[in-house]
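Biologist: Got a minute to go through this model with me? I'd like to start with the rings and then move on to the helices.

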Amino acid sequence: MTEKEYNKMYDKLNRLFDGVTPLKKDCGALCSGACCKGDDKTGMLLFPFEKTQLREISENGRRFVVCSGECNRSIRPLSCRIFPFFPTLNEKGKIEIAADKRGYDICPLVRHSEEIIFDRRFLRNVKKAGKILSKDAQCRAFLQEISEQINELNEFINKINI
């Protein structure tokens, strides 16, 4: 893809989440917007070729956005828009939805998911975003890598929760 095509794809992906959040209300009210607070050790992952107007840091070959706690919601990167979820690839290469690995630490929606009714439209859009991303080879490789990390974390959690 060209830079222009990536920009167009991310514009399309971002529009999927205009006015759509995990809950039908402000989930940030439950945790004082924990996902919007970052520092140089934490941040929201940027997808391949995703551009941002926010402060960006790089670590171990990955790019992250670090936020002061408030931003113009229209310029949030995709990982902010889909948090606390992440589109993953299963063993058959199909898109599924999993908890973002950062969500285990900071998001009450992940820790108390059995008690929460998620907005179905939001979940469908996370899956749709994964399908769009997976059509590009570099984005698909990125999804695969993060999927493997999420699977490893889930396996570890399952081992200790006997």
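Modeller: Here come the aromatic pairs, followed by one helix packing.
Modeller: This is a predicted model, with local features needing pLDDT of at least 70, side-chain atom pairs counting only at pLDDT 80 or more, and totals for chains, interfaces and linings using all residues. Residues are numbered from 1 along each chain as its sequence is written, and side-chain values use heavy atoms, leaving out hydrogens and water.

Biologist: How many aromatic pairs are there?
Modeller: The count comes to 7, where rings of Phe, Tyr and Trp (its six-membered ring) pair if their centres lie within 6.5 Å; planes under 30 degrees apart are stacked, over 60 edge-to-face and the rest tilted.

Biologist: What about Phe 17 and Phe 122?
Modeller: Their ring centres are 5.6 Å apart and the planes sit at 65 degrees, so that pair is edge-to-face.

Biologist: Is Phe 122 buried or exposed?
Modeller: Phe 122 is buried, at 0% relative accessible area (buried is under 20%, exposed over 50%, partly exposed in between, with a 1.4 Å probe and protein chains only). Phe 17 is buried too, at 2%.

Biologist: Which residues form the aromatic cluster?
Modeller: Phe 17, Phe 85, Phe 118 and Phe 122 make up one cluster.

Biologist: OK, switching to helices. At what angle do H6 and H7 pack?
Modeller: About 125 degrees, with the axes of H6 (residues 120-134) and H7 (residues 137-160) 7 Å apart. Axes are lines fitted to C-alpha atoms over the stretch in contact, and angles run from 0 to 180 degrees between N-to-C directions. Helices are DSSP runs (H or I, at least four residues), numbered from the N terminus.

Conventions:
Helix = DSSP H or I, 4+ residues; strand = E, 2+ residues; numbered from the N terminus.
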